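Please look over the sequence and the structure shown here before reading on. The briefing is meant for a reader who is meeting this structure for the first time.

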Amino acid sequence: MINTFGKPINDLFRFSRGKLIAGICIALFTSFCWYAFFYAMREAVRIAFYWREYTDLLILTDKEVSFYNLVFAAVASIFGLCECFRFWFWRAKRF
């Protein structure tokens, strides 16, 4: 089968083993970085409540922490997969 660019479709989805492993490593690293960023922002918001006058530190229950961690992990995973696919399917443009 030929796509609109004139290349066989099978050639678009062929990856070397190195590119496959590099894409997975990029996805894991990016996901970890985003998760750490979200975690730090959650803690920054908690500290921001403490700096206000007449306010105690915002204390989250175990269920709330688990929920936030799940949401942050899901969003970080999506961003990581996006970077992985971008790496795998990026093609240099011809002049």
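What follows is a briefing on the fold, the confidence, the surface and some individual residues.

The structure is a predicted model, and the mean pLDDT of its protein chain is 82, with 75% of the residues reaching 70 or more. The chain has three helices and zero strands, so that, read from the N terminus on, its elements run α-α-α.

**Confidence**

- Confidence is not even along the chain: helix 1, which covers residues 9-12, has the lowest mean at 56, while helix 3, which covers residues 62-89, has the highest at 93.
- As a general caution, the predicted coordinates should not be read in detail where pLDDT is low.

**Overall build and surface**

- Of the 95 residues in the protein chain, 15% count as buried.
- About 8,200 Å² of the protein chain is exposed, and carbon and sulfur atoms supply 70% of that area.
- Among the contacts in the protein chain that have a separation of 6 or more, 71% are accounted for by residues 24 or more positions apart.

**The nonpolar patch**

- A nonpolar patch on the surface is formed by W34, F37, M41, F67, Y68, V71, V75, I78 and F79, which together have about 800 Å² of accessible area.
- Helix 2, spanning residues 17-51, and helix 3 each supply at least two residues of this patch, and the largest share, six residues, comes from helix 3.
- One of the patch residues is Y68, which is found in helix 3 and is partly exposed, with a relative accessible area of 34%.
- That value for Y68 can be set beside the cut-off for patch membership, which asks for over 30% relative accessible area.

**Salt bridges**

- The count of salt bridges comes to three, and R42, E43 and R46 are linked in a network of such bridges.
- Within that network, the side chains of R42 and E43 meet at 3.4 Å, N to O, and the side chains of E43 and R46 meet at 2.6 Å, N to O.
- E43 and R46 are three residues apart in helix 2, and they are therefore separated by about one helical turn.
- The members of the network can also be described by their accessibility: R42 is buried, with a relative accessible area of 10%, R46 is buried as well, at 18%, whereas E43 counts as partly exposed, at 23%.
- A further salt bridge joins the side chains of R86 and E83, at 3.0 Å, N to O.
- R86 and E83 are three residues apart in helix 3, which means that about one helical turn separates them, and E83 is partly exposed, with a relative accessible area of 28%.

**S31 and its surroundings**

- S31 is found in helix 2, and with a relative accessible area of 16% this residue is buried, because buried means under 20%.
- A polar atom of the S31 side chain lies 3.1 Å from the backbone oxygen of A76.
- When its neighbours within four places in sequence are left aside, S31 is in contact with A76, S77 and G80, so A76 appears both in this list and in the 3.1 Å pair with the side chain of S31, where contact means heavy atoms within 4.5 Å.

**G23 and its surroundings**

- G23 has its place in helix 2 and is buried, with a relative accessible area of 0%.
- Residues up to four places away in sequence not being counted, G23 touches C84, F87 and W88.
- G23 and L81 are 58 residues apart in sequence, and the distance between them in space is 8.8 Å, C-alpha to C-alpha.

Note on methods
Residues are numbered from 1 along each chain as its sequence is written. This is a predicted model: local features need pLDDT of at least 70, side-chain atom pairs count only at pLDDT 80 or more; totals for chains, interfaces and linings use all residues. Side-chain values use heavy atoms; hydrogens and water are left out. pLDDT is the predictor's confidence in each residue, from 0 to 100. Helices (H or I, at least four residues) and strands (E, at least two) are DSSP runs, numbered from the N terminus. Patches are made of residues with over 30% relative accessible area and no salt bridge: like charges are joined within 9 Å, nonpolar side chains (Val, Leu, Ile, Met, Phe, Trp, Tyr) within 5 Å. Accessible areas come from the Shrake-Rupley method with a 1.4 Å probe; for residues, only the protein chains shown count as cover. A salt bridge is a side-chain nitrogen of Lys or Arg within 4 Å of a carboxyl oxygen of Asp or Glu. Buried means under 20% relative accessible area, exposed over 50%, partly exposed in between (1.4 Å probe, protein chains only). A polar contact is a pair of N or O atoms within 3.5 Å; within protein, one must be able to donate a hydrogen and the other to accept it, and residues adjacent in sequence count only if both atoms are side-chain atoms.
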